[in-house]
Amino acid sequence: MPQPTLPAPSEKPLAEDVILGVDTHKSVHVAAVITVLGVLLAHQEFPATAAGYRQLLAWASSFGALHRAGVECTGSYETALARFLAGENIRVVEVNQPDRALRRKHGKTDAVDAEAAARAVLSGRADVTPKTGQGPAADLRVLRLAKESAVKARTQAKNQLKAVLLGIDPELREALSKLSNTALIATCADLPDADDAAVFTLRLLAQRIQQLSVEVKELARRVTQAVHRCHPQLLDVIGVGPDSAAALLIAVGDNPERLASEASFAALCGVSPVEQSSGKTQRRRLNRGGNRQANAALYRIVVTRLRRDARTHLYLERRTKQGMSKREIIRCLKRYVAREIYGQIQRTPALAASSPPA
């Protein structure tokens with residue numbers, strides 16, 4: 001009878017699989033490692049630096065074969081670490097914060113949160129692929145962020161200018177009040193330098209408004225060019241402008257393949273109905289979650305179509321005759337638009353990451 005073949009003494013047994021969980025903070029990250037059986041091996045704190053990321057990976061890999069990592073806040077504090085782990089061929093899973101019931105039961109520490117992140121990956125409760133954070137969508141996010149802040153600051157400056165206008169010399173106020181907003185700002189910006197504090201403030205605010213208008217115009221141009229480079233066909237959809245297209249592309253990210261279906265995209269935008277049935281009552285309610293900026297972009301697209309698209313207007317009339325309110329009709333239209341936008345985004349993959357246009 002042949003004897004079984006034994007492994008050579010030099011051969012090493014296969015390393016046991018382990019799962020990493022990370023609780024993120026601005027300056028430090030707390031990591032925990034568990035086995036596939038759910039046994040906690042260790043937890044440790046690391047600095048949120050490039051050297052700290054390498055130390056974290058080496059520490060976690062010392063316990064076994066590391067292939068999966070659950071990370072909190074992949075869109076903020078943990079963006080760099082998630083990118084680093086993905087570059088090391090580790091599957092990064094985005095983990096939401098533990099629910100309040102679990103926190104009341106087990107307490108709240110960084111080590112507990114890191115362990116909970118690893119257990120969320122082990123149980124399959126967390127299975128969302130995070131955004132890569134590199135590419136046209138990442139460029140659009142920072143450009144749109146700067147544009148929104150500039151628009152907000154310009155509106156605030158305009159309101160302050162008109163408030164100051166009420167308390168200046170009556171003759172000057174009457175002369176300025178007859179002007180349009182554009183002419184008013186231009187006139188106030190050219191007011192002569194004087195010892196009057198109100199006149200000085202008017203000129204300062206008007207010059208600020210002009211400077212912010214230049215910033216908004218330049219940022220809008222860059223956003224438009226970025227959309228044209230990565231998804232030009234999106235602007236051919238009825239009602240979709242550069243700002244709405246940018247909001248939707250930012251919500252999707254630079255790896256749209258992480259969305260399994262158009263239903264998942266609708267849920268991401270907060271336009272998918274949610275079941276709320278019980279007993280004999282069968283109903284659905286509005287999804288109040290999702291990316292609210294993407295939801296607002298879909299609303300703007302629907303409103304534009306209701307005004308300019310004949311097909312959408314006919315749909316409105318037909319649904320109104322069926323007894324639906326305009327609010328309910330808009331909800332349905334947002335769902336249809338989400339399906340169309342998803343098809344356009346998946347049809348043409350985004351281009352590789354590139355710097356903002358000059």
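Trainee: Which side chain meets that of Glu148 in a salt bridge?

Mentor: This is a predicted model, and the pairing is read from its side-chain atoms. The nitrogen and oxygen of the two side chains lie 2.9 Å apart, and a salt bridge is counted within 4 Å. The partner of Glu148 in this salt bridge is Arg144.

Trainee: In which helix do Glu148 and Arg144 lie, about one helical turn from each other?

Mentor: The two residues are four positions apart within a single helix, so about one helical turn separates them. That helix, which covers residues 136-165, is H5.

Trainee: Is Arg144 buried or exposed?

Mentor: Its partner Glu148 has a relative accessibility of 35% and therefore counts as partly exposed. For Arg144 the relative accessible area is 6%, and the cut-off for a buried residue is under 20%. Arg144 is therefore buried.

Trainee: How many residues apart in sequence are Lys147 and Asp243?

Mentor: Lys147 and Asp243 form a salt bridge in which the closest N and O atoms are 3.6 Å apart. Lys147 belongs to helix H5, while Asp243 belongs to helix H9, which spans residues 242-252, so the pair ties together parts of the chain whose separation in sequence is 96 residues.

Trainee: Which of these two, Lys147 or Asp243, counts as buried, and which as partly exposed?

Mentor: The relative accessibility of Asp243 is 27%, so Asp243 counts as partly exposed. For Lys147 the value is 18%, and the buried class takes in residues under 20%. The buried residue of the pair is therefore Lys147.

Trainee: Which residues are linked with Arg144, Lys147 and Glu148 in a network of salt bridges?

Mentor: A search of the whole structure finds 11 salt bridges, and the pairs discussed above, Glu148 with Arg144 and Lys147 with Asp243, are among them. The network that holds Arg144, Lys147 and Glu148 also takes in Asp243 and Arg300.

Trainee: Where does Asp193 lie, given that Asp193 forms a salt bridge with Arg203?

Mentor: The closest N and O atoms of Asp193 and Arg203 are 3.5 Å apart. The pair links parts of the chain 10 residues apart, with Arg203 placed in helix H8 and Asp193 in the loop between H7 and H8.

Trainee: Is Arg203 buried or exposed?

Mentor: Asp193, on the other side of the salt bridge, has a relative accessible area of 60% and is therefore exposed. The relative accessible area of Arg203 is 17%, and a value under 20% puts a residue in the buried class. Arg203 is therefore buried.

Trainee: Which residues gather with Asp196 in a patch of negative charge on the surface?

Mentor: Asp196 is found in the loop between helix H7 (181-189) and helix H8 (197-230). With a relative accessible area of 42%, Asp196 is partly exposed, and a patch takes residues with over 30% relative accessible area and no salt bridge. The others in this negative patch are Asp169, Glu171, Glu174 and Asp195.

Trainee: Which residues form a positive surface patch with Arg288?

Mentor: Arg288 sits in the loop between strand S7 (284-285) and helix H11 (292-308). Its relative accessible area is 60%, so Arg288 is exposed. The other members of the positive patch are Arg283, Arg327 and Arg331.

Trainee: What percentage of the residues of the protein count as buried?

Mentor: The protein has 13 helices and seven strands, and the accessible surface comes to about 20600 Å². Of its 358 residues, the share that count as buried is 39%.

Note on methods: Residues numbered from 1 in each chain as written. Predicted model: local features only at pLDDT ≥ 70, side-chain atom pairs only at ≥ 80, totals over all residues. Heavy atoms only, no water. Buried < 20%, exposed > 50% of the residue type's maximum accessible area, 1.4 Å probe, protein only. Areas by Shrake-Rupley, 256 points an atom, 1.4 Å probe, with all protein chains shown as cover. Patch = residues over 30% accessible without salt bridge, like charges linked within 9 Å, V, L, I, M, F, W, Y side chains within 5 Å. Lys, Arg positive; Asp, Glu negative; His and termini not counted. Charge placed at Lys NZ, Arg CZ, Asp CG, Glu CD.
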